[in-house]
Amino acid sequence: MPELNPRVAVYTGTFDPVHLGHLDIIERGSRLYDRLIVGVGINPDKATLFSIDERVDLLEEVARPFGNVEVRKFEGLAVQFVRGAGAGVMLRGLRTLSDMEYEFTMSLMNLNLDPGIETVFLMAKEEYSHVSSSLLRQIAALGGDLSKFLPDPVKGPLVERARRPT
Ligand code: ADP
């Protein structure tokens, strides 16, 4: 099997849409690794508020200040995407105890699927530890103020999209 670079990390998620909790992990990951690839998952079975291209565009815009961060879309198993990118690390954010249980199971499964890839966890910043895209989508639909949790380029699109009947 080809060598994986332990100085390159991949951070995967749905990012529907990207919020400041995600961006904090991206910023810290970009400082920890030589290169960080943000993998935006395409899941044909899961309905998302933003299309894959919209999620990628928003991420590219907010990650632009970090010169070593690249955004890519991917379909299928995350470990296959990570290996295809030549990265040795899968970066994850941990918010709550309930995240811990899910992430622990996933990291064990991923280690079984590809023992060459290590999962590294970063604890969420306190102020974002309760923030999730799904909660933000719900609050946006009800007209709540989300400015504390969203990067500027995401604010308008989320308010506009969440209010539109699907
Ligand atoms: P969400 O749960 O917000 O829909 P994703 O499925 O896109 O997020 O999650 C991608 C990654 O980002 C996961 O590792 C998840 O644990 C992490 N993450 C999500 N929200 C936060 C947050 N508020 N702070 C830190 N990490 C987070």
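**Questions on a predicted model**

Colleague: What makes Leu77, Met109 and Leu113 a nonpolar patch on the surface?

Modeller: In this predicted model, Leu77, Met109 and Leu113 together expose about 280 Å² of accessible area (Shrake-Rupley method, 1.4 Å probe; for residues, only the protein chains shown count as cover). Patch residues have over 30% relative accessible area and no salt bridge, with nonpolar side chains (Val, Leu, Ile, Met, Phe, Trp, Tyr) joined within 5 Å and like charges within 9 Å. A salt bridge is a side-chain nitrogen of Lys or Arg within 4 Å of a carboxyl oxygen of Asp or Glu.

Colleague: Why is Met109 called partly exposed?

Modeller: Met109, in helix H4 (residues 97-113), has a relative accessible area of 48%. Buried means under 20%, exposed over 50%, and partly exposed in between (1.4 Å probe, protein chains only), so Met109 is partly exposed. Helices (H or I, at least four residues) and strands (E, at least two) are DSSP runs, numbered from the N terminus.

Colleague: Is Ile52 buried or exposed, and how do you know?

Modeller: Ile52 has a relative accessible area of 18%, so this residue of helix H2 is buried. Ile52 touches Val40, Gly41, Ile42 and Lys73 (heavy atoms within 4.5 Å), not counting residues up to four places away in sequence. Its C-alpha atom is separated by 8.8 Å from that of Asp16, 36 residues apart along the chain. Helix H2 (residues 52-63) itself lies across S2 and S3, at about 160° to S2; such angles, from 0 to 180 degrees, are taken between N-to-C directions of lines fitted to C-alpha atoms, for helices over the stretch in contact.

Colleague: How do you know that S1 and S4 pair?

Modeller: Two strands pair if DSSP finds at least two bridges between them. Strand S1 (residues 5-13) and strand S4 (residues 87-94) have four bridges, so they pair, in the parallel sense. In S4, Val89 is the bridge partner of Ala9, and Leu91 that of Tyr11. Six bridges join S1 to S2, also in parallel, and there Ala9 has Leu36 as its partner.

Colleague: What makes S3 and S5 edge strands?

Modeller: The five strands form an open, parallel sheet in the order S3-S2-S1-S4-S5. Strand S3 (69-75) and strand S5 (118-123) each have a single partner strand, so one side of each lacks a neighbour in the sheet. From one strand to the next, the twist averages 35°. Helix H1 (residues 20-32) packs on this sheet, touching S1, strand S2 (35-42), S3, S4 and S5, and its direction makes about 120° with that of S5.

Colleague: On what basis do these values rest?

Modeller: Residues are numbered from 1 along each chain as its sequence is written, and side-chain values use heavy atoms, leaving out hydrogens and water. Because the model is predicted, local features need pLDDT of at least 70 and side-chain atom pairs count only at pLDDT 80 or more, whereas totals for chains, interfaces and linings use all residues.
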